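Got the viewer open? Here is a tour, one selection at a time, with a note on what to look for at each stop.

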Amino acid sequence: MSQVLSKFVRAADYIAAAQIYLKDNFLLEEPLKPEHIKERLLGHWGTCPGINFTYAHLNRAIIAHDLSMMFVLGPGHGFPAIQANLFIEGSLSKYYPEVPRNRDGLAYIVSKFSWPYGFPSHSNPEAPGVILEGGELGYALATSYGSVLDNPDLITACLVGDGEAETGPTATAWHLNKLLDPAHNGAVLPILHLNGYKISGPTFMGRMSDEELLNLFTGYGYEVHIVDAYKEEDVHARMQAVLDDAVEAIRFTQHCAKEGTLQQPPRWPMIILRTPKGWNSIKYIGDKRIEDNHLSHQVIADQARSNPEQMRQLETWLRSYKFNELFNGEHFDEDIESLIPRPDRRMGDNPHTLGGEAVYTPLHLPEVADLSYTGTCQLEDTSCESVSSMEKVGAYLRDVLKENEAQRNLRIMSPDETYSNKLDAVFEVTNRAFVWPHKQWDRDIAWDGRVLEMLSEHSLQGLMQGYVLTGRHAVFPSYEAFVQIIGSMVDQYAKFLHIAREVPWRGDVPSLNYILTSSGWRQEHNGFSHQNPGFIDDVLQRQGCFSNVYFPADANTALVVMRHMLASKNEINVMVVGKRPLPCWRTVRQAEEDLREGINIWDFASDEDPHMVFSGVGDYLTGETLAAISVIKQEVPNMRLRYVNITSLSALGMGHAGCTVLRHDIDYYFTPDKPVLVNFHGYPQTMKQILFDYGVSAERASVHGYIESGSTTTPFDMMVRNKVDRYSLAIEAFATAEAAGLITVTQKNTLVKKYEEKLSRHRAYIVEHGKDPEEITSWKWHVRS
């Protein structure tokens, strides 16, 4: 078997190297010449031999044990190796008819690698079997764990590079074994590939001793197996034995968990694979060591086209694989063919990686009416109660979990804030997963639970990506200020999704769904460090019809938005919503209309032919804007005002994903020429840009929002500090009233002074009493004159 495996690796190594260098003479049927070599040599060689070695052995294990296995590659720059294996196994030919599994197909992938409008240099969604690009390192292990949740028959082999192992996200992801219940989930087989070097120097783990590594990963809770190409007389035999042991250990652990005899936390196997970087390539160029050194990380012999000696070394290296003995232009050697799993078992064609009907089942979503608040705060004579949007969302998620219990296809990824974020209703039907030891006083904890809590947003984001891209649904609730730590991960996912949506053989997957709560407007008790609305800016920068940020004004709208997000697919959704009780302004029907339109005039707070237009974006800001209208109508009864609520934004504008054309021209909402004041949840510049794109000029549009003025203070003082409070808005409106001839300059000055004094008295009051006065905390909407 070692000889068979060696042949497979030789073939894959040759194809991987050829992609980096050759644009012609792909089978080396004539002596290598400069014109056979690409003008621009792009790609990464150093990690490819270890990837090919691993892929060959995983193929053997799949055949021997009849495994459903995915392969997640951490160092995505090793894509030449992935593409080589996809070609050998036939998955590439299945999805790309222009790549037949013969010499013509080989010529196509080699010549088109890292070529304009050809194949990218890194793993990408256009490659079958890929669910992680791996361009930005650190996310492979968490993504792998997400893929096996609720997939009990799946093993995901995850190759973690030793450079990647130095990242913070990878460091925390090793702990995800503590969330994996063997009775209901699949298994991750981590393979830590130590080739010793990053791009320009040694790696930490590459220089650690076996004893140090064993202590570290045994402490993490793994059963560690070391395969060392430097020490093993027959490294193939060693890897074969280790993989067989690992598969048997996984199956035994799962069997015991299912029958109830597993009493201790499971110890999942992991493999530490030591190989030289740039294994079996050029040893030296001049006096520079190449193989087993950082200089083999990218393109070695990078002057081969112009330097005869380097071209000679390159040709000697490529011919050393004796590829002509392994591939005759039409077929691979029989030994290589024997290591290709049957079609439904090939890692490049695993159905879990492709989305669509095979893995994606829409959720059964109950209607929201039974949970909605049936009153309304639109009229003075109604019973206007305050309702927590997050409590309502928690109750809805509870019902969705219950409704989909049999399908086991919804998870909540929560950074240890499920209770704080008012979602504890979900614990009426589920628990928090935790398979390490329990204490008798632990609450809502079990080996099997739909809620995954961990104080690592990176790990939870990776879990969610792996879970969603394999067809299941997830919700990620977070403190608004701290979700930004995963901004780059979301950006990487958005790039993946942007391309995947255009790949015809990739099916639908659920959307990524975020709930941002504990927003800066009510983080007055935690202070400045907890006040940051920047994540919504990151999402709004993502181009395309798939990124949405929702700002429900009240609990009923939050329910409607939550249902909509869970029903959507192939998108990135963010709901920004407070957890404190607030007035409920809209009925369910009106909330559905607000969501459908994205922007809507609220008639109960609007006059015909207004002198000025107010707009609120966000629940706390909506309340302050309506309070400002109430103040203005009290002081200047003849001033006609309009209130426009904005429920959703995207990179393309207002409304769902910005791809739904507004029902009316923008002037219908904001008038062609009247002053506009927008009270925005986030940074003012974000909203200014959107208004500018719609042609609402800066001369008539004033945008208020978070201006980085925060501290430990009172809720209303947070508004005052950032000039989004009712009094600051009213003061601005008084100037508009004076310009419109509705009041005199003296009247305006008197009103401005009155409300500036109110603001001064408010500051004195909170300094003395430590809380906001009752006129603020007990405010209710009043019918206008």
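Start by selecting tryptophan 505: this residue is buried, at a relative accessible area of 17% (buried means under 20% relative accessible area, exposed over 50%, partly exposed in between, with a 1.4 Å probe and protein chains only). A word on what you're looking at: this is a predicted model, where local features need pLDDT of at least 70, side-chain atom pairs count only at pLDDT 80 or more, and totals for chains, interfaces and linings use all residues. Residues are numbered from 1 along each chain as its sequence is written, and side-chain values use heavy atoms, with hydrogens and water left out.

Now for the ring partners. The structure holds 32 aromatic pairs (rings of Phe, Tyr and Trp, the last by its six-membered ring, pair if their centres lie within 6.5 Å; planes under 30 degrees apart count as stacked, over 60 as edge-to-face and the rest as tilted). Add tyrosine 95 to the selection: with tryptophan 505 it makes a tilted pair, 4.7 Å centre to centre and 40 degrees between the planes. Where do the two residues of this pair sit in the chain? Tyrosine 95 is in helix H4 (residues 91–95), while tryptophan 505 is in the loop between helix H15 (487–500) and strand E14 (512–517), 410 residues apart. Those labels are DSSP runs numbered from the N terminus: helices are H or I with at least four residues, strands E with at least two. Tyrosine 95 is buried too, at 14%.

Next, pick tyrosine 727 and tyrosine 755. Their ring centres are 5.4 Å apart and the planes are at 40 degrees, so this pair is tilted. Tyrosine 727 belongs to helix H23 (residues 726–739) and tyrosine 755 to helix H24 (residues 745–769), so the pair ties together parts 28 residues apart in sequence. Both count as buried: tyrosine 727 has 6% relative accessibility and tyrosine 755 has 3%.

Stay on H23 and bring up helix H19 (residues 619–635). The two axes come within 8 Å and cross at roughly 45 degrees (axes are lines fitted to C-alpha atoms, for helices over the stretch in contact, and angles run from 0 to 180 degrees between N-to-C directions). H19 and H23 are therefore oblique to each other (under 35 degrees counts as roughly parallel, over 145 as roughly antiparallel, 65 to 115 as roughly perpendicular and the rest as oblique). Show side chains for the contact: among them are Ala628, Val631 and Ile632 of H19, and Tyr727, Ala730 and Phe734 of H23 (contact means heavy atoms within 4.5 Å).

Swing over to helix H14 (residues 457–469) against H15: the axes come within 11 Å and cross at roughly 15 degrees. That makes H14 roughly parallel to H15. On the H14 side, the residues that meet H15 include His458, Gln461 and Gln465; on the H15 side, Met489 and Tyr493 are among them.

Now leucine 176: buried or exposed? Leucine 176 is buried, at 1% relative accessible area, and lies in the loop between helix H7 (168–173) and strand E3 (187–194). Leaving aside neighbours within four places in sequence, leucine 176 touches Ala142, Tyr145, Met454, Ser459 and Leu463.

Last stop: select Tyr14, Phe87, Tyr321, Phe323, Phe327 and Phe332, which form one aromatic cluster.
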